[in-house]
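Student: Could we go through a protein model together? I would like to learn how to read one step by step.

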Amino acid sequence: MKKTNILVTGGAGFIGSATALKLSENSSNLVVVIDNLLTGHVDNLAAGKTRKNLVFIKEDVNNVKEVSDIFARYSFDYVFHYAAIVGVQRTLANPILVLNDISGLKNIMSLSKNTGVKRIFFSSSSEVYGEPVELPQNEHTTPLNSRLPYAIVKNVGEAYLKSYKKEFGMDYTIFRFFNTYGPAQSREFVISKFISRALRHEDITIYGDGRQTRTFCFIEDNVEACLNAFEKNMFINDVVNIGSAEEISILDLARKVVALTGSKSEIIFLPPLDEGDMSRRNPDNNKMLKLLNRELVDLDEGIQRILEKSFYLLAQK
């Protein structure tokens, strides 16, 4: 029986690796991961190292010749394009590096069109909404007004997908990821950073007064929703917010982490960031709820699941 060949770019990153591992649990899928390991880690794929249907290739999607060879070798049916420069501080400090993501997107789009890829799944971001003008933030009614390079590149990516559909009939689904968290996430992201510092009883630092709010989506909810869109052919040529609607301030998040860990950490306030720290984010996640057909993992439960993992327990030593 012919396998379904699936490419996951950025597949050694936090969300990409969880997606690739889940896809590879189905033996009828051949899952090829491309990652340049700038922010990803091969260790994120360790759970699938014995699976013959999971292939890792260290490569940069900006390298059109090498990526072309990979497309020719595997003849992909579907592509999850998750490769991107991530992290607020990193993207603000390296705007040109962020803009290079457009080259990678163009390579993936062109190669997909020319090799018969049936559908592309694209990781966009809640950052495209910028400072909120309506809440909850709806995929089709909320203006996209961010001026940050990272958000602009994501917006350009969305425009590419819609244009390729119009010109060439290539199907797509755009996932706008709101804050996703889980055990394997890098410590530069807010929940993992807070937990790591709390377990060491170190000060937890917050930018500004901490009243800015976010919603947090557990990694398993993210992956299940996105793969249901793939496996059940839902929301074709559409945009889907992937995130929780449970809003919490960053200050209350820090207090929650301190309480759940029994930490002696103090909360320290730093000057607000010059840019990039939006006052609120809260998605209209009705489409995601249709994909899951269940409620999302509660934030307290998600944090407890992280605390059960040895990676974080070791931080106490």
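Here is a conversation between a student and a tutor about this predicted model.

Student: Helix 9 looks like a good place to start. How far apart are its end C-alpha atoms?

Tutor: Let's begin with what we should expect. Helix 9 has 12 residues, and at 1.5 Å a residue they should span 16 Å. The model agrees with that expectation, because the end C-alpha atoms of helix 9 are 17 Å apart.

Student: Which residues of helix 9 are buried, and how much of an arc do they cover?

Tutor: A residue counts as buried when its relative accessible area is under 20%. In helix 9 that applies to I250, L251, L253, A254, V257, V258 and T261. Now look down the axis of helix 9: these buried residues line one face of the helix, because they fall within an arc of 165 degrees.

Student: What do the buried residues of helix 9 pack against?

Tutor: Several strands take part: strand 8 (204–207), strand 9 (213–215), strand 12 (247–249) and strand 13 (267–270). The buried residues of helix 9 also pack against two helices, namely helix 7 and helix 11.

Student: Let's turn to helix 7, then. Is helix 7 mostly covered or mostly open, and how many of its residues are buried?

Tutor: Helix 7 runs over residues 190–199. Its buried residues are I191, S192, F194, I195, S196, A198 and L199. Helix 7 is therefore mostly covered, and the count of buried residues is 7 of 10.

Student: Which residue just after helix 9 takes a positive phi?

Tutor: A similar feature follows helix 7, where H201 has a positive phi near 60 degrees. Just after helix 9, a positive phi of about 65 degrees belongs to G262.

Student: Next, the charged side chains. Which residue meets K256 in a salt bridge, and how far apart in sequence are the parts this pair ties together?

Tutor: The partner of K256 is D300, with N to O at 2.6 Å. K256 lies in helix 9 (residues 250–261) and D300 in helix 11, so the pair ties together parts of the chain whose separation in sequence is 44 residues.

Student: Which residue forms a salt bridge with E220?

Tutor: The closest N and O atoms of this pair are 2.9 Å apart. It links distant parts of the chain, 85 residues apart, with E220 in helix 8 (residues 219–231) and its partner in helix 11 (residues 299–307). E220 is partly exposed at 47% relative accessible area, and its partner is partly exposed at 23%. That partner is R305.

Student: In the salt bridge between D209 and R211, which residue counts as exposed?

Tutor: The closest N and O atoms of D209 and R211 are 2.9 Å apart. Exposed means over 50% relative accessible area. D209 has 40%, so D209 is partly exposed. With 65%, the residue that counts as exposed is R211.

Student: How many salt bridges does a search of the whole structure find?

Tutor: The pairs we have met are among them, including D209 with R211 and E220 with R305. Across the whole structure, the search finds 17.

Student: Finally, which helix gives the most to the largest nonpolar core?

Tutor: That core has 55 residues, of which F80, F175 and L253 touch the most other members. The helix that gives the most to this core contributes 7 residues, and it is helix 8.

Methods: Residues numbered from 1 in each chain as written. Predicted model: local features only at pLDDT ≥ 70, side-chain atom pairs only at ≥ 80, totals over all residues. Heavy atoms only, no water. Buried < 20%, exposed > 50% of the residue type's maximum accessible area, 1.4 Å probe, protein only. Helix = DSSP H or I, 4+ residues; strand = E, 2+ residues; numbered from the N terminus. Salt bridge = Lys/Arg side-chain N within 4 Å of Asp/Glu carboxyl O. Core = buried A, V, L, I, M, F, W, Y, C linked by side-chain atoms within 4.5 Å. Expected span 1.5 Å × (residues − 1). Arc of directions from axis to C-beta. Contact = heavy atoms within 4.5 Å.
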